[in-house]
Amino acid sequence: MGFLGISLLFVGITLVSNGLHRFFNTDGKSIAVMNLFTGFIIVTGNIIMLAKANDIMQYQNVASGFLFGITYLFIAANYLFKLDLRPFGLFSLFVAIYASIMAILSYGVDIRFVLLWGIWAILWLEGFLELVLKLKLEKIFPYLSIAVGLFAAFIPAIFMLTNKW
């Protein structure tokens, strides 16, 4: 749980920062830094883990990690370059489907991961609904981002990193 805990620690901080950014309309370049840092940590760590992977579970963990890492790198790129977010919204749909399947597969193994994957699926689905289908969910995202950041990333990360998971 070590690298997952490290990753989720930064994911939690970044999700809370992204939610607060929406509330306070802070400078996009400033919030991009945290997203870049988080994406870089996750992608770099998963490249190293991919090089060492030798079983299907390790490959599945790397795949999951890349989905998180690419999410934060894309968000950072958007804050820096004002990109068309529809491709990210479509990416989010596929990640929401993946997360939903992972939640189902975690059932009977570890209920905590059922809940975490389910919550993350909702956050990624929100991205698809807002960015591709253009549903007016702008007021929901900051609350959802902060809640997911705290309860499905930051707090679980602390338990993972203190071996209390």
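**Exercise 1. Which residues lie nearest the centre of the largest pocket, and how many residues line it?**

Before we start: this is a predicted model, where local features need pLDDT of at least 70, side-chain atom pairs count only at pLDDT 80 or more, and totals for chains, interfaces and linings use all residues. Numbering runs from 1 along each chain as its sequence is written, and side-chain values use heavy atoms, with hydrogens and water left out.

*Solution.*
- Step 1: settle the term. On a 1 Å grid over the protein atoms alone, a pocket is an open set of points where a 1.4 Å probe fits, with protein on both sides within 12 Å along at least five of seven lines; lining residues have an atom within 4 Å of a point.
- Step 2: list the lining. It has 27 residues, and L4, M57, Q60, N61 and F113 sit nearest the centre.
- Step 3: assign elements (helices are DSSP runs of H or I, at least four residues, numbered from the N terminus). Those giving two or more residues are α1 (2-24), α2 (28-52), α3 (56-81), α4 (86-106) and α5 (111-131). The largest share, eight residues, is α3's.
- Step 4: get the volume, meaning the space filled by probe spheres set on the points, which are joined across faces, edges and corners. You should land at about 700 Å³.

**Exercise 2. Describe the second largest pocket.**

*Solution.*
- Step 1: its volume comes to about 440 Å³.
- Step 2: 21 residues line this pocket, with R22, I75, F88, L131 and F141 closest to the centre.
- Step 3: α1, α3, α4 and α5 each give two or more residues to that lining. Here α5 has the largest share, at seven residues.

**Exercise 3. Is T14 buried or exposed, and which residues does T14 touch?**

*Solution.*
- Step 1: place T14 in helix α1.
- Step 2: apply the cut-offs, with buried under 20% relative accessible area, exposed over 50% and partly exposed in between (1.4 Å probe, protein chains only). T14 is buried, because its relative accessible area is 0%.
- Step 3: look for contacts (heavy atoms within 4.5 Å). Setting aside neighbours within four places in sequence, T14 meets M34, N35, T38 and Y72.

**Exercise 4. Find where N25 and K82 lie, then check their phi.**

*Solution.*
- Step 1: N25 is in the loop between α1 and α2, while K82 is in the loop between α3 and α4.
- Step 2: most residues other than glycine have a negative phi. Yet phi is positive for N25, near 50°, and for K82, near 55°.
- Step 3: N25 counts as exposed at 67% relative accessibility, and K82 is exposed at 64%.
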